[in-house]
Amino acid sequence: MITSQHARALIFAAAILGFAVVLDAVPMFAQAQSTAASEAAMATAKAKLEAATAAQNAGKKKFPVTREDMVVAMPVDQAHLTIAHASRVWRKGVRTYVAGNSPAPNALVQEGKLHNETWSYYPDDAPLRSLYGGDTRAALVPYLAHASFGDTYKWLLYGDDDTVWFMESVMKLLQDFDPDLPYFITDHMWWASSPGRASHPNPEAPRCLPCDFDDSKFDHSLKPFNAPKGCPCTAQLICETDERGIFNQYCDVPKAPMSTYSMHGGAGGIISIGMLRAVSLDYMEKCVKSLYSTGGDAFISICTWQAGYAMTDPGYSFFHPDVNMFDPGPEDRMGNMMKLVRALDHRCDDSCQHQLSNMLTLHVRSRVFPQLEDAAQFIKAIIGMYDVFMENKRIKAAQAVANLVEVDSTAAAAAVAAETAAMEADVQALTVAEVEARQPNSTKVESGTEVSASKQAAIASAQQAIQARAVADATDAAAAVALQNAAAAALAKKQSHRKLQ
């Protein structure tokens, strides 16, 4: 019986071209002997994949990211503990700083340690300077987390307690960013350039693109405006390149009620350790407490701007109006859930697939659920479906690799056949010039050419070598076919096992 652990090992083993699967999952693999031809084919396929990846990332330095490199900063109040606990399903292996509106009971602190959680307390605002009492806490929680963790991480995931993060996509995105630079990454912002109701996500909101972002492959007619490239993105850079007349001569940040500019807290943002080093907790606390605005996301956005920095868009959604990497928007909470359902039912077209593949966050908006427990179950369900979606992608990648191996095995067999034919031609090409006719023990070949006994022995030896090579080639080909069939059978069995579950 293939367990889920064995199945996952199988998928990863196939994906890296090993095809050496856990023995009790696929015993056939333990018995198969690795042959020179199959190994060469696999090596060639792997080299092709690596070459394609290198070509795609030519000129780009990569910054590998693991779960240990990230932390989560989450504001919460006692009424929302159910949601905070539900988020543990996607926070596995990631340290989390939770700032509550009252001191956490010791039992909660001890329980939190089992889930890499650090619980702290920051009081609600009194009197209010925004819509909610916890908005100052929400604005400061990244800086409180940094004060707690110090320089022990690279990236901080910042959002509401009901913001769901899709970690595989997050890690893939961040490998293109240097964490030591000051970054605040998001593509989901509130924006209104004139008095009136702001909207989100608003593609017109000021932002930068990454400085090494390759936009040559995108349709520039789809971009909402000419965004500057900057590493990091600074307020000064945005003002200096402003072609829309948004900013005044002092480069003041747009503020409500005259205008609105803010990241969206529920959609979330990713903050580099470089940013948290550059802007201190002391500065942020003084700045936030001096403001009156709409919420914690507005507080942190305004103070980040006044500290000299602005938001960086990852770039992809800037040229794809149908995609928002950080939450699709207020009317589409169920949209991504239904896309995942279609994907698992094999009804997800290319547009659906690329939206899901570029999905970084989803704001669950727990307040709209009849009960918080319903929102908690929604969080668990969508992460479960996302995990299956990503596993299916890995299976498809493994199958693509198997196809490459099959193609390269065929090419290798053709090369061996050509080499064998060349050896046979060499044997037949022994001419009279090679005959040692003077030796008394010479004999005749069918053509009448005299060939010495030593040459006849050489010919016989070469012919035996050719026959031995042919036998070995047949063995290699059979072993390669066995490997491919076993891999296909194991993958099919895995998919069948999941359906039974």
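## A tour of a predicted fold

Of this protein's 501 residues, 47% count as buried. Keep in mind that you're looking at a predicted model. Its secondary structure adds up to 15 helices and twelve strands. Take the contacts between residues at least 6 apart in sequence: 73% of them join residues at least 24 apart.

**The sheet**

Let's start with the strands. Six of them make an open sheet with mixed pairing, and the order is β3-β2-β1-β4-β9-β6. The edges are β3 (117-121) and β6 (184-185), each of which pairs on one side only. Helix α6 packs on this sheet and touches β1 (70-75), β2 (95-100), β3, β4 (155-158) and β9. The direction of α6 makes about 130° with that of β2.

Here's how some of the strands pair up, including one pair formed by β7 and β8:

| Strands | Bridges | Direction | Residues facing each other |
|---|---|---|---|
| β1 and β4 | four bridges | parallel | Ala-73 and Tyr-158 |
| β4 and β9 | four bridges | antiparallel | Leu-156 and Ile-271 |
| β6 and β9 | two bridges | antiparallel | Ile-185 and Ile-270 |
| β7 and β8 | four bridges | antiparallel | Trp-190 and Ser-262 |

**Strands covered on both faces**

Side chains in a regular strand alternate between the two faces of the sheet. Now look at β4, where both faces are covered. Trp-155 and Leu-157 are buried on one side, and Leu-156 and Tyr-158 are buried on the other. Strand β8 (residues 260-263) also has both of its faces covered. There, Thr-260 and Ser-262 sit on one side, Tyr-261 and Met-263 sit on the other, and all of them are buried.

**Two helices that cross**

To describe two packed helices, you give the angle between their axes and the distance between the axes. Try that on helix α6 (residues 135-149) and helix α11 (residues 296-306): their axes come within 7 Å and cross at roughly 50°. Because of that angle, α6 is oblique to α11. The crossing of α6 past α11 is right-handed. Which residues in α6 and α11 meet? From α6 come Asp-135, Thr-136, Ala-138, Ala-139, Pro-142 and Tyr-143, and from α11 come Gly-296, Phe-299 and Ile-300. Sorted by class, this contact has six nonpolar, two polar and one charged residues.

**Two residues to zoom in on**

First stop: Asp-69, in the loop between α3 (36-56) and β1. Is Asp-69 buried or exposed? Its relative accessibility is 16%, so Asp-69 counts as buried; the cut-off for buried is under 20%. Setting aside neighbours within four places in sequence, Asp-69 is in contact with Pro-64, Tyr-153, Lys-154 and Trp-155. You've met one of these already: Trp-155 is one of the buried residues of β4.

Next up is Arg-342, which you'll find in helix α12 (residues 333-344). With a relative accessible area of 29%, Arg-342 is partly exposed. Not counting residues up to four places away in sequence, Arg-342 touches Arg-347, Cys-348 and Cys-352. How far apart are the C-alpha atoms of Arg-342 and Gln-353? They are separated by 9.7 Å, and the two residues are eleven apart along the chain.

Methods:
Residues numbered from 1 in each chain as written. Predicted model: local features only at pLDDT ≥ 70, side-chain atom pairs only at ≥ 80, totals over all residues. Heavy atoms only, no water. Axes fitted to C-alpha atoms, helices over the stretch in contact; angles between N-to-C directions. Parallel < 35°, antiparallel > 145°, perpendicular 65-115°, else oblique. Left-handed = near helix turned anticlockwise from the far one by under 90°. Contact = heavy atoms within 4.5 Å. Nonpolar A, V, L, I, M, F, W, Y, C, P; charged D, E, K, R; others polar. Pairing = 2+ DSSP bridges. Buried < 20%, exposed > 50% of the residue type's maximum accessible area, 1.4 Å probe, protein only.
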